Amino acid sequence: MEVVESQSARAGQPVASVRLMRAEDAAACREIIAASFPAEAERNAAALAELEEEPWYAPSHRLVAEFSPGGARTGLILGQAGIRTGELWIAGHPFPAGCIGTLVVRPEFRRAGVGRLLVEKACEEMRRRGR
């Protein structure tokens, strides 16, 4: 299932579309995570290599921003965000909840609206999922 495509519209910024992660995006996402957290990636190289085996990092729980100038998909992943939905229990009562985790953007594309776009689309996707 694809998230409705969206593009950043600010002049001078990369144009990106946001969609659910696919298996073929895994290597690019690991590379961006390692570039974003180099010390942790070095200390925990084995954990990074096994990332997709963790339920939190399943493709159904991750969005990617793909470089899409003029709407043409390039396959270049600019960033990713983990999303989870569920319930938060407060004083014995369930409340619908969602959270965003491991939001990372390629260093050379930071401060260009990619992270903001991922957050916006993550919130939309969680609302679509009922959270």
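Which exposed residues does the face of helix 4 turned away from its buried side carry? To get there, start with the sheet. The model is a predicted one.

Four strands make up an open sheet. Their order is 1-2-3-4, and the pairing is antiparallel. Strand 1 (16-20) and strand 4 (93-105) are the edge strands, each pairing on one side only. On average, neighbouring strands of this sheet are turned by 25 degrees against each other, direction ignored.

Now look inside the sheet. Strand 2 (residues 62-67) and strand 3 (residues 77-90) run antiparallel, joined by five bridges. Take L63: its bridge partner in strand 3 is A81.

Helices pack on this sheet. Helix 1 (residues 26-36) touches strand 2, strand 3 and strand 4. Its direction makes about 85 degrees with that of strand 3. Helix 4 (residues 114-128) lies across strand 1, strand 2, strand 3 and strand 4. Helix 4 runs at about 155 degrees to strand 4.

Helix 4 can be checked for length. At 1.5 Å a residue, its 15 residues should span 21 Å. The end C-alpha atoms of helix 4 are 21 Å apart, so the two values agree.

Next, its two faces. Buried in helix 4 are V114, L117, L118, K121, A122, E125 and M126. These residues lie on the same side of helix 4 because they cover an arc of only 165 degrees around the axis. Their cover includes strand 1, strand 2, strand 3 and strand 4. The face turned away from that buried side carries the exposed residues R116 and R127.

Just after helix 4 comes G130, with a positive phi of about 90 degrees.

Notes:
Residues numbered from 1 in each chain as written. Predicted model: local features only at pLDDT ≥ 70, side-chain atom pairs only at ≥ 80, totals over all residues. Heavy atoms only, no water. Pairing = 2+ DSSP bridges. Helix = DSSP H or I, 4+ residues; strand = E, 2+ residues; numbered from the N terminus. Axes fitted to C-alpha atoms, helices over the stretch in contact; angles between N-to-C directions. Contact = heavy atoms within 4.5 Å. Expected span 1.5 Å × (residues − 1). Buried < 20%, exposed > 50% of the residue type's maximum accessible area, 1.4 Å probe, protein only. Arc of directions from axis to C-beta.
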